[in-house]
Structures are given as C-alpha cells and as structure tokens.
Amino acid sequence: MTKKPDTKRAAKPDTKPGDGPSVTFTIDGVEYTTEDRPQKVADLLCLAGVDPKDHDLGLVGPQGTVRKLPDDVDVRVKPGMRFVTIYNGTTPVV
C-alpha cells in the first residue's frame with residue numbers, strides 16, 4: 001500500500017546564501033553581482049569599501065529619492081537595485 005504525499009506540508013525551497021541566481025546591483029554607481037540574498041546593510045557597506053560605523057546605506061527609488069535603510073535590516077537584493085553610501089561620521093576640523 002502506497003501512502004499519498006502530505007500536500008499540506010510541502011517543503012519550502014532552500015534559501016541558503018549562494019543558492020539563488022546571481023543578481024546585479026549598484027552602490028555609488030559601481031556595479032556588483034551577488035548570489036547571496038538577503039544581505040546585511042553592514043555587509044553591503046563593506047562591499048562598497050566604506051566603514052559601516054561611519055556610513056549609512058540609502059536605497060535609491062524610481063524618482064531618484066533616497067531612503068536611508070536601518071542598520072539592523074536584511075536587504076533582499078533584487079536585480080537593478082541602486083544604493084548610495086551616506087557619510088554620518090564627524091567632520092574633522094582643519
């Protein structure tokens with residue numbers, strides 16, 4: 001006797017980093033490609049070569065508006081997303 005599969009408990013696709021198709025996005029106009037989604041804000045800032053302690057990450061919207069992302073969020077990177085780094089550190093006095 002064969003048992004019917006339990007359709008109520010279907011397995012979800014595995015979403016481990018590196019399992020998805022690669023996506024291309026930009027930070028400060030520089031193009032990057034990743035397979036890891038979601039990404040931590042700090043990881044994206046490090047990828048851009050800036051210190052997360054002194055910078056925030058902004059998401060550029062369709063009209064060019066910039067929305068600052070909270071430091072503690074995971075960003076689900078999608079193809080074509082545009083980000084900018086925002087300096088928030090102290091400005092040295094010369």
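Start by selecting V60 and V66: in this predicted model, V66 of β5 is the bridge partner of V60.

**The hairpin around that pair**

Now widen the selection to residues 55–60, which make up strand β4, and residues 66–69, which make up β5. The two strands run antiparallel and are joined by four bridges. Five residues lie between them, and among these you can pick out G64, whose phi is positive, near 90 degrees.

**A second hairpin**

Next, select residues 23–27 for β1 and residues 30–34 for β2. This pair is antiparallel too, with five bridges joining the strands. Click on T24 and look across to β2, where T33 stands opposite. Which residue in this hairpin takes a positive phi? Select D28: its phi is near 55 degrees, and the hairpin has two residues between its strands.

**The sheet as a whole**

Time to show the strands together. Both hairpins belong to an open sheet of five strands, and reading across it you meet β2, β1, β7, β4 and β5 in that order. The pairing in this sheet is mixed. Because β2 and β5 stand at the edges with a single partner strand each, one side of each has no neighbour in the sheet. Turn the view to follow the twist, which averages 35 degrees from one strand to the next. As you rotate, remember that side chains in a regular strand alternate between the two faces of the sheet.

**Into the core**

Switch on side chains and select F25, L57, L69, V75 and F83. In the largest nonpolar core, which has 15 residues, these five touch the most other members. Which elements give two or more residues to this core? They are β1, β4 and the helix α1, found at 41–47.

Stay with V75 for a moment and show what surrounds it. Leaving aside residues up to four places away in sequence, V75 touches P38, Q39, V41, L44, L69 and F83. Two of these, L69 and F83, are also on the list of core residues that touch the most other members.

**Zooming out**

Finally, colour the protein chain by secondary structure. You should find one helix and seven strands, running β-β-β-α-β-β-β-β from the N terminus on. Of the chain's 94 residues, 26% count as buried. Among contacts with a separation of 6 or more, 50% come from residues 24 or more positions apart. Switch to a surface view to end the tour: the chain exposes about 7300 Å², with carbon and sulfur atoms supplying 53% of that area.

Note on methods
Residues numbered from 1 in each chain as written. Predicted model: local features only at pLDDT ≥ 70, side-chain atom pairs only at ≥ 80, totals over all residues. Heavy atoms only, no water. Pairing = 2+ DSSP bridges. Core = buried A, V, L, I, M, F, W, Y, C linked by side-chain atoms within 4.5 Å. Buried < 20%, exposed > 50% of the residue type's maximum accessible area, 1.4 Å probe, protein only. Contact = heavy atoms within 4.5 Å. Axes fitted to C-alpha atoms, helices over the stretch in contact; angles between N-to-C directions. Areas by Shrake-Rupley, 256 points an atom, 1.4 Å probe, with all protein chains shown as cover.
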